[in-house]
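Hi,

Here is the structure I said I'd pass on to you. Have a look at it first, and then read my notes below.

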Amino acid sequence: MGFKCGIVGLPNVGKSTLFNALTQTAAAQAANYPFCTIEPNVGEIAVPDPRLEKLCGLAKSEQIIPTRITFVDIAGLVKGASKGEGLGNKFLATIREVDAIVHVVRCFEDGDITHVEGKVDPIADIDTIETELMLADLESLEKRVDALEKKAKGNDKEAKETLDLVRRSLALLQAGKPARFVERKPEEEKLFHSLGLLTSAPVLYACNVEEAAAASGNGFSKKVEARAKEEGAVAVVISAKIESEIATLPPEERADYLDAVGLKETGLDRLVRAGYALLHLVTYFTVGPKETRAWTITAGTKAPQAAGVIHTDFEKGFIRAETISYDDYIATGGEAGARDAGKMRLEGKDYVVQDGDIMHYRFAT
């Protein structure tokens with residue numbers, strides 16, 4: 001399991017430039033990792049994780065299989081999108097399928113690149129996108145109320161629960177707030193997700209800045225960061241232009257280029273890390289002579305469910321998990337060293353898998 005991000009933004013904010021840079025980076029990975037472009041506007045890439053190389057080296061694995069992240073480039077939103085203007089209903093439907101939204105915001109001045117509103121104002125841009133998505137959600141929910149009320153009167157339990165969620169969502173949207181802020185219990189999460197609301201997905205703001213501001217941001221990006229903090233969202237400063245240049249370089253030249261522009265890592269790395277934090281995701285590993293592989297799960301996942309990410313039979317027949325923490329695996333020189341040092345643990349069904357765990361499952365067939 002990786003995760004799927006929809007990239008949205010007004011026209012001329014650098015959204016497609018960023019998407020192309022990310023997928024070019026993926027193409028450059030193709031010599032080492034599987035890569036595919038599912039559609040012209042969908043790119044699937046390997047999630048960068050330096051731990052994989054170290055684990056592979058110690059285990060002498062034949063190959064590395066990283067976890068995946070999918071980016072969906074959604075056509076530029078404009079005012080009236082909720083009524084089918086610009087992107088229309090097809091693209092709105094695409095947004096409903098993503099785990100998170102990467103909202104690319106223009107945070108640079110450039111007289112050669114026109115802004116659809118005639119001026120650079122990232123907060124106004126955010127409000128434009130958010131408003132269109134909220135209007136689409138309002139329309140979607142209002143259409144459902146009558147049918148749900150009729151079913152609820154007939155003592156349909158699910159209809160009653162759904163109607164309650166719909167009413168709470170409508171009240172929030174009518175107050176000008178996105179649906180992701182609806183207060184709900186953990187047991188309501190699945191039903192809430194089934195509503196397919198555009199504004200229910202977590203948001204990661206990508207502040208597209210000029211090259212000189214890539215390391216520290218600028219006045220525009222600071223405003224977006226403040227907005228993100230208020231919302232409990234995440235903001236990442238990134239230069240789509242720099243990412244485009246990095247994507248064309250051979251891997252061995254990238255570190256020097258990053259150093260020259262004052263960066264320690266690529267924007268892709270920062271974007272992925274921020275995305276994982278936003279969605280509360282962690283990574284565990286399976287390591288052996290054939291492959292070193294990364295698996296992505298939600299933080300708090302117990303061992304049987306983590307095993308189920310590999311195969312449902314692993315979850316159904318789960319007995320125990322031989323577990324080594326990443327730090328112990330590296331410090332003791334691999335699985336044999338960890339076992340000899342007493343660092344391999346036998347964990348049962350109630351064990352919560354931690355980021356970096358190396359897992360080997362025992363299960364009944």
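To start with the outside: the protein chain has an accessible surface of about 17,800 Å², and 51% of that belongs to carbon and sulfur atoms. Accessible areas come from the Shrake-Rupley method with a 1.4 Å probe, and for residues only the protein chains shown count as cover.

Before you go further, note that this is a predicted model, in which local features need pLDDT of at least 70, side-chain atom pairs count only at pLDDT 80 or more, and totals for chains, interfaces and linings use all residues. Residues are numbered from 1 along each chain as its sequence is written, and side-chain values use heavy atoms, with hydrogens and water left out.

Now the overall picture. The protein chain holds 15 helices and 13 strands; these are DSSP runs numbered from the N terminus (helices: H or I, at least four residues; strands: E, at least two). Of its 365 residues, 51% count as buried, where buried means under 20% relative accessible area, exposed over 50%, and partly exposed in between (1.4 Å probe, protein chains only). If you take contacts (heavy atoms within 4.5 Å) between residues at least 6 apart in sequence, 69% of them join residues at least 24 apart.

One helix pair I looked at is H9 (residues 240–248) with H10 (residues 251–260), which pack at an angle of about 155 degrees with their axes 9 Å apart. Axes here are lines fitted to C-alpha atoms, for helices over the stretch in contact, and angles run from 0 to 180 degrees between N-to-C directions. H9 and H10 are therefore roughly antiparallel, a label for angles over 145 degrees (under 35 is roughly parallel, 65 to 115 roughly perpendicular, the rest oblique). On the H9 side, Ile242, Glu245, Ile246 and Ala247 meet Arg254, Tyr257 and Leu258 of H10.

Two residues have a backbone angle to check. Lys60 has a positive phi of about 55 degrees although it is not a glycine; Lys60 sits in the loop between helix H2 (51–59) and strand S4 (63–65) and counts as exposed at 67% relative accessibility. Asn155, also not a glycine, has a positive phi of about 65 degrees. Its loop runs between helix H5 (145–153) and helix H6 (157–174), and Asn155 is exposed at 60% relative accessibility.

Lastly, Ala46 lies in strand S3 (residues 42–46) and is buried, with a relative accessible area of 1%. Its C-alpha atom is 6.0 Å from that of Thr67, 21 residues apart along the chain.

Cheers
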